[in-house]
Amino acid sequence: MSKENSKLQDLTAENLTRHVIKTCTSNVSNERTTELISGLIQHLHDYVREVQLKPGEWEAGWQYLTETGQFCTPDRQEMVLLSDVLGISALVDTINSAQARSSIATESSVLGPFHNDADVLENGASIGSEGVIGEPMLIHGTVKSTDGEPIQGATVDVWETNGNGFYDMQDPNRDGPDCRGIFRTDEQGRYYLLGVKSVDYNIPNEGPVGKLLKILDRNVTRPAHVHFQLRHPDYLDLTTALYSSESDHITTDPVFGVKTSLVKDFQKFDRLPEKVLGYDLRSSPLAQPESVAKNGIWSLEHDFVLLRK
Ligand SMILES: [Fe+2]
């Protein structure tokens with residue numbers, strides 16, 4: 001009998017978890033890796049014991065995860081969506097958010113699965129490309145430090161859906177960036193651009209995540225919002241979003257991203273607000289000056305506050 005066999009231990013529901021954790025971590029020197037894998041095994045095993053998981057249920061579970069992974073493409077991240085609807089993305093965001101511990105800094109929100117590379121644009125430009133649909137909306141404000149100093153040169157990465165509720169990568173009629181762009185704050189910390197009035201949209205629900213939400217009879221509609229990611233070398237990165245107060249889904253966001261401080265009133269102006277200068281409406285396929293004069297324009301204004309590193 002070999003030395004290994006002499007240590008053979010019959011495994012039971014009581015000692016199996018301890019044995020598996022030891023097997024997985026005894027050759028690992030990195031403390032964080034040990035902590036992560038030990039905790040994962042412990043909680044998964046506890047779950048199996050707690051709900052007394054049946055073999056058929058276990059099979060349905062791994063088949064579901066297989067299906068979810070197989071559903072992913074470069075333009076469709078079903079695993080992130082699953083994390084979002086189970087509140088894991090929101091929880092990771094919350095426990096790691098330095099902004100949540102500040103009463104002044106702008107709060108963070110979930111990244112979501114639709115961030116993508118975008119062109120760097122001049123302040124005042126439109127993020128809508130040829131064929132963009134929806135109502136025009138000015139998106140503008142400042143980026144400041146917690147002591148009120150304007151932050152020059154911060155990048156403001158903005159993305160939202162078209163007026164039809166689709167991000168560019170979801171829309172079969174789009175083959176390039178649309179409704180996304182990166183701006184840089186001026187010497188007064190200002191950013192300003194022309195976007196589309198945000199609309200409520202359904203998260204993709206024809207796949208495995210949609211199947212789960214249907215079983216749970218859950219809302220699939222996100223409240224209208226614009227995503228932002230702000231960066232500056234001297235300040236902490238901020239990923240956040242601003243949500244429309246007029247949405248009927250503000251309290252039932254399927255990905256749990258809404259926070260009170262991020263809910264905004266979208267204003268309607270009969271013409272361009274005088275205090276916001278520099279918009280180049282002639283470059284926009286959506287809002288020609290004549291159209292704005294006739295139909296007015298929406299405005300979303302927000303001053304972001306970043307935490308210094
Ligand atoms: Fe979104």
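Donors, as the word is used here, are N, O and S atoms within 2.8 Å of the metal; water is not among the atoms, so a site may look incomplete. With that in hand, the donors of the iron ion in this predicted model follow the spacing Y-x33-Y-x23-H-x1-H along the chain.

## The iron site

Let's put residues to that pattern. The protein donors are Y167 through OH, Y201 through OH, H225 through NE2 and H227 through NE2, and they lie 1.9 to 2.2 Å from the iron ion. Both histidines, H225 and H227, are buried.

What is the geometry of the site with its four donor atoms? The site is irregular, with angles of 90 to 161° among those atoms. A tetrahedral label needs all angles between 85 and 135 degrees, so the upper end of that range rules it out. As a point of reference, the ideal angle for four tetrahedral donors is 109.5 degrees.

Y167, one of the iron donors, is also the last residue of a span in a database record. UniProt, in an unreviewed entry, lists residues 139-167 for "domain: Intradiol ring-cleavage dioxygenases". In the model, this span is 0% helix and 41% strand, and its end C-alpha atoms lie 18 Å apart.

## The chain as a whole

Stepping back, the chain holds eight helices and twelve strands. Its C-alpha trace spans about 90 × 40 × 30 Å along the principal axes. Of its 309 residues, 44% count as buried.

## Salt bridges

Side chains of opposite charge can pair when their charged atoms come close. How many salt bridges does a search of the whole structure find? The search finds eleven, and the table gives three pairs from the model with their N to O distances and the relative accessible area of each partner.

| Pair | N to O distance | Relative accessible area |
|---|---|---|
| E67 and K211 | 3.0 Å | E67 29%, K211 42% |
| R190 and D186 | 2.9 Å | R190 31%, D186 13% |
| D237 and R231 | 2.5 Å | D237 41%, R231 40% |

Here is what the pair of E67 and K211 joins: in this salt bridge the closest N and O atoms are 3.0 Å apart. E67 sits in helix α4 (residues 55-70) and K211 in helix α7 (residues 208-215), so the bridge ties together parts that are 144 residues apart in sequence. E67 is partly exposed, and K211 is partly exposed as well.

For R190 and D186, is each partner buried or partly exposed? R190 counts as partly exposed at 31%, whereas D186 is buried at 13%, a value that falls under the 20% cut-off for buried residues. In the salt bridge of D237 and R231, D237 is partly exposed and so is R231.

Salt bridges can also be joined into a network: R76, E78 and E206 are linked in this way.

## A nonpolar patch

Which residues form a nonpolar patch on the surface? They are Y47, V48 and V51, which together have about 250 Å² of accessible area. V51 belongs to helix α3, which covers residues 31-51. With a relative accessible area of 38%, V51 is partly exposed. Residues in such patches need over 30% relative accessible area, so V51 at 38% passes that cut-off.

Note on methods: Residues numbered from 1 in each chain as written. Predicted model: local features only at pLDDT ≥ 70, side-chain atom pairs only at ≥ 80, totals over all residues. Heavy atoms only, no water. Patch = residues over 30% accessible without salt bridge, like charges linked within 9 Å, V, L, I, M, F, W, Y side chains within 5 Å. Areas by Shrake-Rupley, 256 points an atom, 1.4 Å probe, with all protein chains shown as cover. Salt bridge = Lys/Arg side-chain N within 4 Å of Asp/Glu carboxyl O. Helix = DSSP H or I, 4+ residues; strand = E, 2+ residues; numbered from the N terminus. Buried < 20%, exposed > 50% of the residue type's maximum accessible area, 1.4 Å probe, protein only. Donors = N, O, S within 2.8 Å, 3.2 Å for Na, K, Ca; no water. Tetrahedral: all angles 85-135°; square planar, octahedral: opposite > 155°, others 65-115°. UniProt positions renumbered as here; feature names shortened; annotations may be inferred.
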